[in-house]
Amino acid sequence: MTQVDLQMPSGGQAVASPHAHGGNSVRRTMLQVQVALVPATLFGFWLYGWPAFFLWAGTILSCIAWEALSLRLAGSARVRPTLLDGSAVLTGWLLAMTLPPWAPWWVALVGGFIAIVIGKQVFGGIGQNVFNPAMVARVALLVSFPVSLTQWVTPMPLSAVAGPDFVDGLRIFLSDLPMPDAISSASLLGHVKTELSRGVDMAAALGGAHAPASSWLGVRPGSLGESSAGLILVGGLFMIGTGLIGWHLPLAMLAGLAIPAAIASSVDPTRYLGAAQHLLSGAAMLGAFFIVTDYVTSPNTRSGQLLFAFCVGLLTWVIRTYGGYPEGMAFAVLLMNAMTPVIDRFFKPRILGRDRRGKALDLPDSERG
Amino acid sequence: MDIGKFLRKLSGKDWGVHPDDHKRPAADARVRALPIPPRVHLMLSQHVGAPSRPVVLIGQKVLKGELIAAAQGNISAPLHASTSGVVSAIGEIAAPHPSGLSGMAITIDTDGEDKWIDCDPVADPFALSAEEIARRVADAGVVGLGGATFPSSVKLNLGRRSSIDTLIINGSECEPYLSCDERLMRDRTDDIVAGIRLMLISTGAKQARVGIEDNKPAAIAAMRAATSGHAEIEVVSVPARYPMGSDRQLIIELTGREVPADARAADVGVIVHNVGTAYAIQQAVCLGRPLVSRLMTLNGAAAAAPGNYEVVLGTLISELVAFTGGTRGEPAKLVMGGPMMGMRLPHMQIPVVKGTSGVLLLDGYEAADSEPDPCIRCGSCVKACPMGLLPLEMAARIRNDALTDAVDLGLKDCIACGCCAWVCPSRIPLVQYFVHAKGELSSQDRAKLRNDATRKLAQQRQERLEREAREKLEAAARRKAERAAQAAAAAEAKAQTKTASVTEGESA
């Protein structure tokens with residue numbers, strides 16, 4: 001028991017209400033997203049072996065290092081809390097998920113630089129960036145180093161005898177040796193693009209001996225964390241269940257991709273991939289649940305989010321189908337990121353007591369006698 | 001998660017927040033009356049409107065319920081001695097205000113007898129006219145006890161003037177920690193129902209709906225039982241969701257009517273009163289007792305004996321805390337009212353006023369003070385806002401001092417409920433931003449009014465000077481003309497006389 005007449009100075013804190021808090025924090029939010037990424041990531045490690053693990057760790061470390069350096073150079077007074085908020089870790093993690101699993105060390109280093117310094121810190125740090133940092137890095141790397149960024153390794157599970165052990169994995173990560181043909185492979189989307197450009201019919205392309213299969217499980221060549229649609233979905237549902245993200249963004253993006261795909265493939269199945277292949281291939285699932293749902297670069301309102309994500313899906317399909325690159329998710333996301341401020345300008349929630357334009361509602365005189 | 005909640009979440013109509021209510025065990029503890037303290041301090045301004053004007057002298061002996069300060073103006077409320085004793089001071093004391101500003105109060109040295117004046121009970125209150133009920137409510141100094149402290153009689157009269165069909169009784173008590181309304185509904189059910197019937201007569205409304213959040217099943221059951229014989233009063237269980245007790249939200253929940261932004265509840269045929277007010281009205285009308293005490297909650301992890309207490313107005317918070325056994329550890333925050341919209345107090349030497357629904361002694365964990373992080377645009381605040389605003393965008397504008405942009409985004413529609421700041425993962429004190437901006441805007445408005453008035457005065461002076469100068473000139477010109485006319489007339493007359501005399505001379 002303390003004295004009754006105690007004086008309580010207000011301290012430096014805000015005096016305005018509320019005087020309690022729901023308990024959420026930036027750090028907790030970032031951690032929950034990372035938890036959601038765990039299943040697909042572990043599967044990626046298992047599928048592609050130790051090099052994938054080193055790439056993942058390297059990319060995250062690189063992001064943390066660039067973040068720390070940027071903050072120090074900017075003279076930030078909050079270096080420690082900012083590093084601890086987990087946002088740099090998440091950016092690095094997401095970037096690693098989209099990289100070819102056997103990408104070498106300098107991809108991690110350069111990718112981290114582009115994501116954190118160019119994608120985020122030059123805009124003013126967390127919450128200020130216009131574009132999704134991981135996608136900025138992904139696209140910049142792809143455009144700058146097309147060969148290194150499109151070398152897909154044939155799945156070689158950790159349990160397989162032929163797979164690289166810990167030391168070999170480290171050597172692959174650090175040495176940047178050209179990948180032997182025997183273990184390199186094409187992703188489904190790349191394979192289809194190549195075959196179609198050679199004039200091969202879609203059915204023949206998919207039916208060929210070297211054709212990669214698409215499946216929920218995801219034992220196929222692809223990016224580190226994009227192969228298992230099922231496990232990404234598990235993580236995504238976890239985030240929806242905990243209220244971290246809404247269902248609007250993922251569903252709208254998948255719809256934006258699947259609807260044109262379904263229409264086109266039903267019109268001309270010899271030239272267009274079906275909806276299922278589109279959804280289960282490449283970065284579609286990862287994009288839907290982890291990329292378009294990025295808080296900073298997506299619109300504020302649910303209606304704005306629906307439009308934003310649907311357009312991401314649609315653009316992804318357009319780029320995949322008609323563009324020069326087999327995969328278009330990252331490009332689509334960046335294009336729509338640029339549209340986010342415009343969408344936010346036109347899509348605002350209706351204020352209670354006002355109509356959509358902000359005019360006060362009319363009095364319901366006629367309704368009451 | 002139940003199905004309804006899940007569907008609301010899916011449909012995106014999940015406004016507001018669901019904080020832990022922390023109502024129990026305080027809500028289930030028996031109400032205790034606080035003994036009369038040696039001194040009570042009655043603030044002259046404990047209602048919305050003009051402060052009341054003292055009508056007692058220092059040294060004057062007063063009885064409990066005696067008028068000590070009269071209402072001033074149309075929107076005001078009288079003040080009565082909360083116990084018997086001698087008026088010992090009329091002056092400034094620390095008022096309920098976050099920075100401990102002072103305010104005028106009448107201090108009474110109590111005599112411990114707690115002797116009532118002769119009250120004026122009514123044998124059949126339900127036979128009284130609407131005007132008479134409103135008059136008795138006004139004389140008793142009853143104000144909205146949900147915290148708004150708007151003079152109740154003004155609202156009752158307003159109800160009669162505009163056509164009100166539904167009286168809404170707010171028993172939602174959506175603020176966490178507080179349970180005085182719940183206790184009142186459980187313990188003084190019949191009095192509340194009588195108060196509601198009196199309000200129906202006074203407002204002319206045909207029906208009353210009592211909204212009680214579903215986290216108070218005992219209160220709902222008690223109120224349902226007490227109103228079973230009155231078809232015009234319906235007790236409705238509403239979902240426990242903050243801020244359900246906010247007028248606009250409760251009106252939608254209970255009637256489906258949406259109050260337009262620049263209108264009042266009365267404009268859609270509804271008037272809202274708190275259950276505590278219903279009780280005070282019953283006391284005032286049936287027993288002739290003015291509002292001199294109230295039920296309030298003491299709660300928080302640092303409170304030694306959480307519960308509800310019957311406290312006479314003007315009792316210092318320190319007396320209440322001392323009576324209940326002091327504090328448990330050092331409270332991190334002292335709050336008057338609820339944690340979401342209450343007022344942080346700098347110390348305990350502050351008196352209980354009519355609007356004091358509770359006092360919270362929050363420990364460090366509950367107070368949850370921490371350094372804010374940058375906004376990550378997560379949109380939690382947008383989802384939580386019960387008014388459909390964009391708190392993150394408004395705060396960004398205010399940070400850049402673009403207040404008009406914030407107003408365009410709906411700053412003036414903000415009800416300061418605190419949902420946005422409560423959910424914010426970056427712990428940005430959003431309400432602080434909005435309160436600051438609103439204050440800034442109103443001081444700008446005042447400055448503008450002042451400038452306009454000054455400009456108008458200066459202009460009027462200029463016009464007056466010009467007019468005076470013009471008039472002077474005109475007068476001078478007129479005088480000159482008159483003089484000239486006179487001179488001309490004189491000259492003419494002279495000439496005429498001359499001629500006449502000449503003629504005369506000639507004729508002579």
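Colleague: What makes β1(B) and strand β14 (residues 307-312) of chain B a parallel pair?

Modeller: Strands pair if DSSP finds at least two bridges between them. β1(B) and β14(B) share two bridges in the parallel sense, so they count as paired. In β14(B), Tyr309(B) is the bridge partner of Arg32(B). Strands here are DSSP runs (E, at least two residues), helices are runs of H or I with at least four, and both are numbered from the N terminus. This is a predicted model, where local features need pLDDT of at least 70, side-chain atom pairs need 80 or more, and totals for chains, interfaces and linings use all residues. Residues are numbered from 1 along each chain as written, with chains lettered from A and ligands numbered from 1 in the order written.

Colleague: Why are β1 (32-33) and β16 (343-344) of chain B called edge strands?

Modeller: Each of them pairs on one side only. They belong to an open, mixed sheet of six strands, ordered β1-β14-β13-β17-β15-β16 in chain B.

Colleague: How do you know which strands helix α4 (residues 180-187) of chain B touches?

Modeller: Contact means C-beta atoms, placed from the backbone, within 7 Å. Helix α4 of chain B touches β13 (293-299), β14 and β17 (358-362) of chain B. Its direction makes about 125° with that of β13(B); axes are lines fitted to C-alpha atoms, for helices over the stretch in contact, and angles run from 0 to 180 degrees between N-to-C directions.

Colleague: And in chain A, how many residues of domain 1 are in contact with domain 2?

Modeller: 25 residues of domain 1 of chain A are in contact with 29 residues of domain 2 of chain A.

Technical notes: Two residues are in contact if their C-beta atoms, placed from the backbone, lie within 7 Å.
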